[in-house]
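Q: Please take a close look at one part of this structure, and explain it in connected steps for a first-year student. I should like to see how that part fits with what surrounds it.

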Amino acid sequence: MFARDGLDVAAVLAHKQRGAAIAELPGAEAIPADVAIGVVGADLVVDATPSSAAGTEAALARGRAALRTGAFLALCGKNALAAAAAEWLLPPRRGRVGINAVLGGAGRQLASELDELRANCRALAVCGNVTTTVIVQAIERGASVAAGIEQARQLGLLEPDPTLDLDGSDAAVKLAAVQGAVFGEHWLRPVVPATIAREEVGALDPALLRDRARRGATTRLIGRAVRGGALRVAFEEVPASSPLAAPPDRVVYTYELPTGVRVHTGLGVGHDRTAQALLADVLAAEVRS
Amino acid sequence: MSASITLQPGAELCHLPVLRLASGGELHGGVVAFERQGPVDAPLVIVLGGISADRHVSAFAGVPGPGWWEGIVGPGQAIDTERLRVLAIDWLGGAGSSSGPRADEVYPFVDTADQAVAIAAVLDHLEVPVVHAWVGSSYGGMVGLQFAAKYPQRLQRLCAIGAAHESCVQASAWRAVQRGIVELGIARGCAPTALSLARALAMTTYRSPQELQHRFAGRPALVAGRVRFPVQDWLQARGDEFARRFPPAAFLCLNASIDAHRVDPKSIPVPTWLLGFDSDQLVPIWQLRELAASLPSLQSFREARSWYGHDGFLKEPLAVRALLREVLA
């Protein structure tokens, strides 16, 4: 929503309080968001639209429009980053895109260490879907798969489209995003998340999960990528003291380096924390003078 | 709080729940890196040292490099890893792989009680209800006293070496000057140099005047027109080595944590053994006598002669082994 002569906030509020839509404001004109971004010429563009595979092209258009105008882009959508990680995180766009919220609060760490990771990381792993962690933990405590899913729903953890959590798509998108950032190049075609082999929640064997728990291990949905190799998302047995044995209030990314395993932990889980992660990017944004 | 750490082979990790800190703040997203050695089903002994010590106590097959307490911990040693399971951690707020201060985030104040709570969380994570023994030196002993006060039902015996129930004023004064040096260095853009200098000052408090006199008595030399004493080479070497591996922010965090340490000895029902060194300037013997007199279940209090001062726990293995044989019998 933009008015070149300035926005009459009181009038807009009164309009909304009458239950009317923004598009029905006097003089309003609906234009594509990427065009609007170019018209407004903002210093900072915050794209908080939800992630969706179908919305990837539109998200890319918005992001590219923002970057063309010289704006800093604070991003929430995972699909856009998966499609444009190398394009947006490497020079010449380096430092212009905030990815903290996209990666569950661990995006700033990735951005600040990206040079080192790109030079030295051999393989990476992601435990980035807290919904499946909640489901797994419920199963370990004796619940059924269905009961675990219901528990995740009651905690408000499921994506607007819950199949994204349950069929591994959400994890695949996150994996594609970090793989693109760390292993991607401008000249390489980005990995399409839909092509990543993945496992879905329905394939979980409760007896197996409980057996692992009895032995002091646990199970997590892990996304893995090796430099130059294939990507996959699968439920794995994880030692209880592995960094990938993440509790359901955080996401974890690991990067294998010659010096050891770099572990990034992000607390941007849930609406409030995602908003905080996004705000962190906004506050850190380089503002065009 | 987000975290970025590096884990070496042999290191294990515990994701902490939200820690409600003694200062009133909270630590979100904290992690504790730890290391274990010894038989899986053996009694568990927690072994912890000073603020510059870490999770790697001694060499073993999983991590073959030397640790900070070789000769005390290992197969057939006083803490025998053929019959005991040893657990050690990297301190919260320190230089290791546990979460700590970062340049772009405010790290909450963590004191010895908070470290004890974090270790309790690690024990919960490992499903260890009761610890066979806690052997803590310096800061590790302080945290042990806190753990014994907070979780007496989870600890069967406590051995504290060079550690008291609170910091004495003289020691706090020295540490305040060290922190001031580092803070000035950070403000002036020369933090590593400042940290080296602060550590050099600290070294003079870790050892005894007698030892330094014996080792470094000698005529000064004129170097580039300036007088330089033999002890300065040692101080600079120790300081520079420390500054190469210890982040200044972590130093400030743990240094202040020592000064904030307070525990009521009367609240510690756990059987406790104490060892102090007569030349220790940081934890003087009179303070350990105070502690010993107040512990409800004191088993023994040994005052060992040493000219190594506070570093006696590193430099007097005979005294330490004799004590541990009694504690772990």
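**From one strand to the shared sheet**

A: In β5(B), Val31(B) is the bridge partner of His15(B). The model is a predicted one. The pair belongs to two antiparallel strands, β2(B) and β5(B), where β5(B) covers residues 31-37 and 4 bridges hold the pairing. The side chains of β2(B) alternate: Glu12(B) and Cys14(B) point one way, while Leu13(B) and His15(B) point the other. All of these residues are buried.

The setting of β2(B) becomes clear at the meeting of the chains. There, 16 residues of chain B are in contact with 20 residues of chain A. On the chain B side, β1(B) and β2(B), the latter comprising residues 12-15, each supply at least two residues. The most is given by β1(B), with 5 residues. Sorted by class, this side of chain B consists of 7 nonpolar, 8 polar and 1 charged residues.

The strand β1(B) also pairs directly with chain A. Its partner is β9(A), residues 260-266, and the two run antiparallel over 5 bridges. Within this pairing, Ser4(B) is the bridge partner of His264(A).

The pairing is part of a wider arrangement. An open sheet of 7 strands follows the order β5(A)-β7(A)-β6(A)-β4(A)-β8(A)-β9(A)-β1(B), and its pairing is mixed. At the edges stand β5(A), residues 197-198, and β1(B), residues 3-7; each has a single partner strand, so one side of each lacks a neighbour in the sheet. At the edge formed by β5(A), the pairing with β7(A), residues 231-239, is parallel and has 2 bridges. There, Ala197(A) has Arg232(A) as its bridge partner in β7(A).

Helices of chain A pack on this sheet. Helix α7(A), residues 130-140, touches β6(A) and β8(A), and its direction makes about 150° with that of β6(A). Helix α10(A), residues 169-183, touches β4(A), β5(A), β6(A), β7(A) and β8(A), and its direction makes about 45° with that of β6(A).

How confident is the prediction for chain A? Its mean pLDDT is 91, and 98% of its residues reach 70 or more. Within chain A, confidence is highest in β4(A), at 98, and lowest in helix α9(A), residues 163-166, at a mean of 81.

Chain A also contains an open sheet of 3 strands, in the order β1(A)-β2(A)-β3(A), with parallel pairing. Here β1(A), residues 44-47, and β3(A), residues 97-98, are at the edges with a single partner strand each, so one side of each is left without a neighbour in the sheet. Between β1(A) and β2(A), residues 72-75, there are 4 bridges, and Leu44(A) stands opposite Phe72(A). The loop between α4(A) and β3(A) contains Pro92(A). A cis peptide bond, with omega of about 5°, joins Pro91(A) and Pro92(A).

Finally, two loop residues of chain B deserve mention. Glu127(B) lies in the loop between α1(B) and β10(B), and its phi is near 60°, a positive value in a residue other than glycine. Glu127(B) is exposed because 8 other C-beta atoms lie within 10 Å, and the cut-off for exposed is 12 or fewer. In the loop between β12(B) and β13(B) is Ala224(B), with a positive phi near 55°. Ala224(B) has 5 C-beta neighbours inside 10 Å and therefore counts as exposed.

How values were computed:
Residues numbered from 1 in each chain as written. Chains lettered and ligands numbered in written order. Predicted model: local features only at pLDDT ≥ 70, side-chain atom pairs only at ≥ 80, totals over all residues. Pairing = 2+ DSSP bridges. Contact = placed C-beta atoms within 7 Å. Axes fitted to C-alpha atoms, helices over the stretch in contact; angles between N-to-C directions. Nonpolar A, V, L, I, M, F, W, Y, C, P; charged D, E, K, R; others polar. Buried ≥ 20, exposed ≤ 12 C-beta atoms within 10 Å, placed from the backbone. pLDDT = per-residue confidence, 0-100.
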